[in-house]
Structure formats: structure tokens, C-alpha cells
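Thanks for coming. I will go through one structure today, starting with its cysteines and then turning to packing and empty space.

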Amino acid sequence: SGAVDLVEPLPVQAVSRLENATGFRIIRRPEDRVIFLGIDVSRNELAGSDLKVNPLKDRRVRRALYHAIDTEAIRTQVMRGLATPRATLLVPGVEGYDPALDQRYPYDVMTAQETLAEAGYPNGFDVTLDCPNDRLVADEQICQAISAMLRQAGIRATPNAQPSARFFPRLLARQTSLFLAGWLIATADAYNPINALLVTPGGGAGTQNIGGYSNPHLDDLARTIAVEGDAARRRAAIAEVMRIYKEDVIQIPLHQQWIAWGARAGVEAVAAPDNMLRPQWVTVH
């Protein structure tokens, strides 16, 4: 209607409409935020499932989930192009990012089914997929799409989308087995997500390691990354962490979220990688 100068974030379904309208412009860029599925890899029993064990503790099962998810379909159909599929927690521009490690395992439903059967779950299992519905771009729609994809592979996922006010307390209390989340690398350095998400919880580290993953070697690498002054050795340690991340399927990375703002003609604004709107970078003509 032209009643406002700037809208952020712009709903993905509104982008194409504004692109084809006169008097408006789209401001967009990749955000330093990776969207991923968190996985309970520590508890012996899977909450809300028909099983008395936790199949997600088995790396083969986690790999099956990975193969079952079509990130390209999410990028094109759910995110309307405002996403870039990723294979690790790091994105270009972040210290420690290695493009050689940013290669996803292929989307392959048949491989997912075969891997599940190999792990001892030929008939799949029930699991709840917890998601926010007001925090990430198209979060509830992503949740629904992934649930449908997992079901094709035999994993009977039930989406449980809820407002952040209910979702995050549930998450921090570790009352979830499988969940959708995102992480903004606010420092533009790999140590930020490694220390928060992957290190064994304790001593102020691993504060957001909801899945309970624990690997002494990874912990040692994180300590090295925290203090290493030689750039090459530090990057090698980061690369080793990301190799472990991929091989152990600690999480299932989905995509790098894009920023999309809508502005009327005559309004200029700078979208930073942290998706913060800074008034000093806005000009209204």
C-alpha cells in the first residue's frame, strides 16, 4: 500500500510480488546464520516414540535422516530461493570456512531406507519434530516439509510447531529429540558455534549443545582453536572439527538463511550479515 518505508524481514511469499511492482525494491543478501536439525544423541530412550531405545544415538540412523531431506526442494519451494544449502555450520566469510567441506551428502530416499534397515529399523520409527513458528524464516513450513520427506523414508515424523515462548524453554530443558533451530555466527569466527553447539556441556562451554553430543577429541580441538595463534594450525583444527561434524552427523545442516527486506523507492538501507537494522545506515529521500 505504500504506507511504510521499510519492512524487515519480508515474508518470502511477498518477495516476487514486490519485485514485479513499481515503486519498491528488495534488499537481500546471505545472512551468517545456518539453519539445522538438532538431534538427541545422548539419551537412551527416544521421547515421544514407539520405541524403548533411542535410534538417534546410532550414526547410521542420523545419516539416514540426512539422506531423506531434499534441501534443494526446501530452497526453491519453501524458501523461494532465499537460502543456500550448506553442509557444515560455517558459511563463506566466516573465519575457518572451508569450501571443500561444504559438500552435502546426497538426497537419496532409497539410501535412507537401506541405511535405516541396516541399522535395525526396517519399519522406521515415530519421532516428534519440534520447531518454532515465529523465529526463523518459513520455520513452520520447513518443519512440515521435512516431516513429509522423513515419512517417505519410513521415519514417521510429527511436526510440532509452536511460538518461541514455548519452544525455547522446551529446547533449553532438553525436552526434545529432533528440532529445527538456527545459529547466527555473530563473531564471524568458527569458534563461536563450535564452543556453543558442539563442545561437551560444562564449564561455560556447550551451553547450546541440546543434543548432548560429547567427543573428547573435538573438545581438545576446540580448546586449541580458542588459543592457537598460528592461523594455518588454527584453520586445520577448525577443519578437523567440521570433518567430525559431518562424519558423526552431530546435526543435520540445512541451509544458510538469506536476508530479505522490502523498501519503497527512495529508501536505501544496508543489510549486514547479522541481519541487524542499523538506522545510521538508512537513508530516506
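**The disulfide, the cores and the spaces**

Cys143 is buried, at a relative accessible area of 1%. Please keep in mind that this is a predicted model. Its partner is Cys131: the two form a disulfide, with their sulfur atoms 1.9 Å apart. Cys131 also counts as buried, because its relative accessibility is 0%, and the cut-off for buried is under 20%. The link of Cys131 and Cys143 is right-handed, with 70° about the S-S bond. What does the pair tie together? Cys131 sits in strand β4, residues 125-132, and Cys143 in helix α5, residues 139-152, so the bond joins parts that are twelve residues apart in sequence. A search of the whole structure finds one disulfide, and this is it.

Next, the packing. The largest nonpolar core has 79 residues. Within that core, Phe125, Ile194 and Leu198 have the most contacts. Helix α9, residues 231-248, supplies the largest share of the core, with seven residues. Let me take Leu198 as the example. Leaving out residues up to four places away in sequence, Leu198 touches Leu89, Pro193, Asn209, Tyr213, Leu218, Val241, Met242, Tyr245, Ile250 and Gln251. There is another core, apart from the largest one, and it has eight residues. Leu18, Ile26, Leu82 and Ala260 are among them.

Now the empty space. In general, a probe the size of a water molecule, rolled over the atoms, shows where such space is left.

I will begin with the pockets. The largest pocket has a volume of about 470 Å³. It is lined by 23 residues, and those closest to its centre are Pro9, Arg135, Leu136, Val137 and Ala138. Four elements give two or more residues to this lining: α1 (12-19), β2 (24-39), α3 (71-78) and β7 (252-264). Which of them gives the most? That is β7, with five residues. By class, the lining of the largest pocket has twelve nonpolar, five polar and six charged residues.

The second largest pocket holds about 330 Å³ of space. Its lining has 26 residues, with Phe36, Ala181, Gly182, Trp183 and Leu197 nearest the centre. The elements that give two or more residues here are β2, α6 (164-172) and β6 (178-184). Strand β6 gives the most, with six residues. As for class, the lining of the second largest pocket divides into 18 nonpolar, six polar and two charged residues. Strand β2 is on both lists, giving two or more residues to the lining of the largest pocket and two or more to that of the second largest.

Last, the closed space. How many cavities of 30 Å³ or more are there? The count comes to one. The largest cavity has a volume of about 30 Å³. Its lining consists of Thr88, Leu90, Gly96, Tyr97, Asp98, Leu101, Ala239 and Met242. Five of these residues are nonpolar, two are polar and one is charged. Met242 has come up before: it lines this cavity, and it is also among the residues that Leu198 touches.

That covers the disulfide, the cores, the pockets and the cavity. I will take questions now.

Notes. Residues numbered from 1 in each chain as written. Predicted model: local features only at pLDDT ≥ 70, side-chain atom pairs only at ≥ 80, totals over all residues. Heavy atoms only, no water. 1 Å grid on protein atoms, 1.4 Å probe; cavity = no way out; pocket = protein on both sides within 12 Å on 5 of 7 lines; lining within 4 Å. Points joined across faces, edges and corners; volume = space filled by probe spheres on them. Nonpolar A, V, L, I, M, F, W, Y, C, P; charged D, E, K, R; others polar. Disulfide = S-S within 2.5 Å. Buried < 20%, exposed > 50% of the residue type's maximum accessible area, 1.4 Å probe, protein only. Core = buried A, V, L, I, M, F, W, Y, C linked by side-chain atoms within 4.5 Å. Contact = heavy atoms within 4.5 Å.
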